[in-house]
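Please find below a short note, set out as numbered points, to be read alongside the sequence and the model.

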Amino acid sequence: MTVATHTNDAAEAIAEDAEITETAEAAIAEAEGAMTAEDLADLCESRSATYGFLARLFREEVDEALLAELNATDYPVASGNESMDAGYYAIAKYLSNAWVDPLMKLSVDYTRAFLGSGIDAYSAAYPFESVYTSEKRLLMGDARDEVLAIYRSCGLEKSESWTVGEDHVAVELEFMGVLAHRAAAALRAGEEERVFSLINTQRNFMDDHLASWVPVFLEDTRRFAATAFYQGLADLTQGFLEEDTALLADLVSA
């Protein structure tokens with residue numbers, strides 16, 4: 001898994017989100033055959049970019065380069081999903097008013113929201129599936145072992161510089177992005193069986209892992225984050241996952 005090194009252009013990912021929701025709605029409303037392989041490949045590339053963008057924001061604090069990209073981006077007003085629209089509005093509004101030391105304020109809020117005080121397992125929105133799916137909210141639980149096995153079955157290993165659990169939300173989101181990118185390549189190569197396998201793997205991973213804990217994690221993010229930036233990130237992530245869940249279900253059943 002290339003979590004520590006994989007990057008995406010923030011402006012590109014954001015600009016494509018409105019296209020994702022519109023295309024997802026069209027795919028659900030019509031038979032899969034109404035979309036060309038190239039249309040679906042473009043959609044998968046857009047999904048991959050957005051997954052990578054969200055993974056970057058959850059992985060670590062905003063740095064100077066990313067802040068410059070975010071400030072230079074035009075955010076969608078109407079993406080087609082209410083939660084995504086609320087998220088974009090909150091992020092854009094925060095950035096437009098963050099004039100004094102925004103990197104420090106975002107860093108402090110990232111620590112508050114996702115790292116907490118370290119006193120107990122309830123003092124932050126700890127971004128690990130194990131915390132949310134184990135009775136004692138412990139790290140490195142069964143969920144970590146399960147996702148690690150899935151990554152390896154897909155030929156992926158984490159970067160050596162990534163030192164925390166593989167069930168971190170950033171890793172799980174990036175895994176989805178990697179599979180979406182592979183699906184786009186398979187579509188363009190005409191590999192229909194591989195396309196179905198990749199889409200099915202994404203749908204199963206969404207249902208068995210992301211959907212089992214990320215909604216509650218995002219609720220905690222809203223509760224612990226003090227800035228509209230990270231509260232908006234929670235809304236944006238929720239909306240995108242809602243859209244992608246519906247899209248994947250439709251593609252698998254078509």
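1. Aspartate 101 sits in the loop that joins α4 (82–97) to α5. In this predicted model, the residue has a positive phi of about 50°, although it is not a glycine. Is aspartate 101 buried, exposed or partly exposed? Its relative accessible area is 45%. Because exposed requires over 50% and buried requires under 20%, aspartate 101 counts as partly exposed.

2. The fold as a whole may now be described. The protein has 10 helices and zero strands, so that every entry in the order of elements, read from the N terminus, is an α. Of the 254 residues, 52% are buried. The protein exposes about 11500 Å², and carbon and sulfur atoms supply 52% of that area.

3. Contacts across the sequence deserve attention. Among contacts with a separation of 6 or more, 73% are between residues 24 or more positions apart. One pair that is distant in sequence is alanine 125 and phenylalanine 224: they are 99 residues apart along the chain, yet their C-alpha atoms are 6.8 Å apart in space.

4. Alanine 125 belongs to the loop between α5 (102–115) and α6 (129–133). Is this loop residue buried or exposed? Alanine 125 is buried, because its relative accessible area is 0%. Leaving aside residues up to four places away in sequence, alanine 125 touches Ala113, Phe114, Tyr132, Phe217, Asp220, Thr221 and Phe224.

5. Helix α3 covers residues 64–71, and its residues Leu66, Leu67 and Leu70 are buried. These three lie on the same side of α3, because they cover an arc of only 100° around the axis. Glu64 and Ala65, on the other side of α3, are exposed.

6. The last point concerns a pocket. Rolling a probe the size of a water molecule over the atoms shows where empty space is left. The second largest pocket has a volume of about 150 Å³. Which element gives the most to the lining of this pocket? It is α5, with three residues. The lining includes Tyr110, Phe114 and Leu115, together with Tyr126, Pro127 and Phe128. Others in the lining are Arg59, Ser161, Trp162, Thr163, Val164 and His168. By class, eight of the lining residues are nonpolar, three are polar and one is charged. Phe114 thus appears in two of these points: it lines the second largest pocket, and it is among the residues that alanine 125 touches.

Key: Residues are numbered from 1 along each chain as its sequence is written. This is a predicted model: local features need pLDDT of at least 70, side-chain atom pairs count only at pLDDT 80 or more; totals for chains, interfaces and linings use all residues. Side-chain values use heavy atoms; hydrogens and water are left out. Helices (H or I, at least four residues) and strands (E, at least two) are DSSP runs, numbered from the N terminus. Buried means under 20% relative accessible area, exposed over 50%, partly exposed in between (1.4 Å probe, protein chains only). Contact means heavy atoms within 4.5 Å. Accessible areas come from the Shrake-Rupley method with a 1.4 Å probe; for residues, only the protein chains shown count as cover. The arc is that of the directions from the helix axis to the C-beta atoms. On a 1 Å grid over the protein atoms alone, a cavity is a set of points where a 1.4 Å probe fits but cannot get out, and a pocket is an open set with protein on both sides within 12 Å along at least five of seven lines; lining residues have an atom within 4 Å of a point. Grid points are joined across faces, edges and corners, and a volume is the space filled by probe spheres set on the points. Ala, Val, Leu, Ile, Met, Phe, Trp, Tyr, Cys and Pro count as nonpolar, Asp, Glu, Lys and Arg as charged, and the others, Gly among them, as polar.
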